[in-house]
Amino acid sequence: MDEERFVTALRNGDPHGVEEILRSLGDRLLRSAFLLCGRESDAQDLVQETFLQAIRSIHRFKGHSSLYTWLHGILLNLSRHYHRNRDRLVSTEELSQEPTSDSDETCLPGDADAISRQLRQALTRLSAPHREALILRFYEEMKIDEIARHLGISTGTVKSRLHYALSEMQRFMPEEMNLLSAKGTHLRQP
Amino acid sequence: MNCHEAQDQIFDYQDGTLSAPEREKLEQHLAGCEECRAAFANMKEVGLKLSKQLRQSTEALTLDIDVKERVLAALPGQATPRLHWEFRPLWRRWLVPWAAAACVLALTIVIGSRFHHTPGLEPKSAQAAALPATVSATVPQVVTTRISKKEGNYVVDAFINRSQVVEQTFRPNHMARSPRN
C-alpha cells in the first residue's frame, strides 16, 4: 500500500487499511518511542495514543511531510507530555533506584545486551531536547534541515545539540566499549 | 577556512547539502588538515556505530496486539466502546473538578455577602423578610477521574455526580445580635 492509500484509509476509517499501517509503521514508531522514553510499556502507550490522535486529526495532514514523519511529530509531542508528567510524578524511591554510574557494569566489546543496556542508560541521562536530536539523526537518519523542520528550530541549534549530545554520550559510555569514538580523537564543539 | 568553520560543516558535508563552492572550499581545507580529516572520519564512524547500536538495542520490540486492537476499535463506526487511556496534561485532568469547586465557592460568597451582617447597621425589615431562610443552588456536574495502571493496561475510573444540589440555611439578619450602645 502506498502513502496516499494509507492516508485515505485513515481518513475513511478503513480497518483493513489502518491494520496495514499499524503493521507497516507501528514497530518503527514503537522503537523510536522506546528510545525517547526508555520504558517498553510506556512506549506501547505512547504509540497507541499517537495512532488514536492521528485518527482524530487526520484532516489536518496536508502532505507536507511523509505520513511517518507526521505520526512521529505527534509521538514527539506526546513524549514531551510524558516526560513532564513523569518528572512531576517520579517518587524518591524510584529516583534512588536510578543508575548513578555506568561503571557499575563491566562491558565487553562483544556483549550486545550489555552494550544495549548501557546505551539506553546513557540516552536517559541526556536532556529531552538532546535525546530527540540524537534519535532523529542516528535512528531516524534524518538530515539536519529535516530535523530542524521537525523540531521547529534552526539548523544551527540542531548541530549544536548533536555535538553536545555526542560528547555527553562519549562521557556516559564506558571507554572499553569503544562505541562512540576512536581513542585520541575528539569532536570539536561548535 | 579555519578548523572551527570546517568542523561546523561536518553534518552538512555528510548530508550533501553544501553548495558546490562550499564543498570545494571545505575539501581544500581537508586536503591540508590532518586534524580535520581525522574528525570527519571519526564522526562518520561514530554515526555508523551509533545507528547500528540503536537499531540492535530495539530490534526485538514489536507493537502489542492489544494496542493494535484498541486502535482499530477506535475507528469511526466500530462497535467496540471507545473508552481509552488518554494522554492528558495534569492541569487538564483537574480542570473540571476545580472549575466546579470554584463555582460552588463563588456562589457561596455571593449568597453569603447578601446576608452578611455588619454590626451597627440593622437591615431593613422588608428586605430581610423578602430573603428566604434556606437557599439551594444547582451546580454543574462534577467529574472526577482516576487513572491507574493494572496488568500493563490503563484503567480509567470516572465518578460523575449530575446536577449536584448545594443547600444552605442562613439565619436572617434581623435575628442577629444588635450592637451595644
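With which residue does Arg80(A) form a salt bridge? The partner is Glu132(A), and the closest N and O atoms of the pair are 2.9 Å apart. This contact links distant parts of the chain: Arg80(A) sits in helix α4 (residues 67-89) of chain A and Glu132(A) in helix α7 (residues 128-138) of chain A, 52 residues apart. Arg80(A) is partly exposed, at 28% relative accessible area, whereas Glu132(A) is buried at 5%.

The model is predicted. Over all chains, the count of salt bridges is eight. Three of them are listed here.

| Basic residue | Acidic residue | Closest N to O |
|---|---|---|
| Arg80(A) | Glu132(A) | 2.9 Å |
| Arg137(A) | Asp15(B) | 2.9 Å |
| Arg171(A) | Glu168(A) | 2.9 Å |

Arg137(A) belongs to helix α7 of chain A and Asp15(B) to helix α2 (residues 10-15) of chain B, so this salt bridge joins two chains. Arg137(A) is buried, with a relative accessibility of 8%, and Asp15(B) is buried too, at 12%.

Arg171(A) and Glu168(A) lie in helix α9 (residues 155-172) of chain A, three residues apart, or about one turn of the helix. Arg171(A) is exposed at 57% relative accessibility, while Glu168(A) is buried at 12%.

Chain B has seven helices and four strands, in the sequence order α-α-α-α-α-α-α-β-β-β-β. Of its 181 residues, 28% are buried. The accessible surface of chain B is about 12,200 Å², with 55% belonging to carbon and sulfur atoms. Among contacts in chain B between residues at least 6 apart in sequence, 61% are between residues at least 24 apart.

Terms used:
Residues numbered from 1 in each chain as written. Chains lettered and ligands numbered in written order. Predicted model: local features only at pLDDT ≥ 70, side-chain atom pairs only at ≥ 80, totals over all residues. Heavy atoms only, no water. Buried < 20%, exposed > 50% of the residue type's maximum accessible area, 1.4 Å probe, protein only. Contact = heavy atoms within 4.5 Å. Areas by Shrake-Rupley, 256 points an atom, 1.4 Å probe, with all protein chains shown as cover. Salt bridge = Lys/Arg side-chain N within 4 Å of Asp/Glu carboxyl O.
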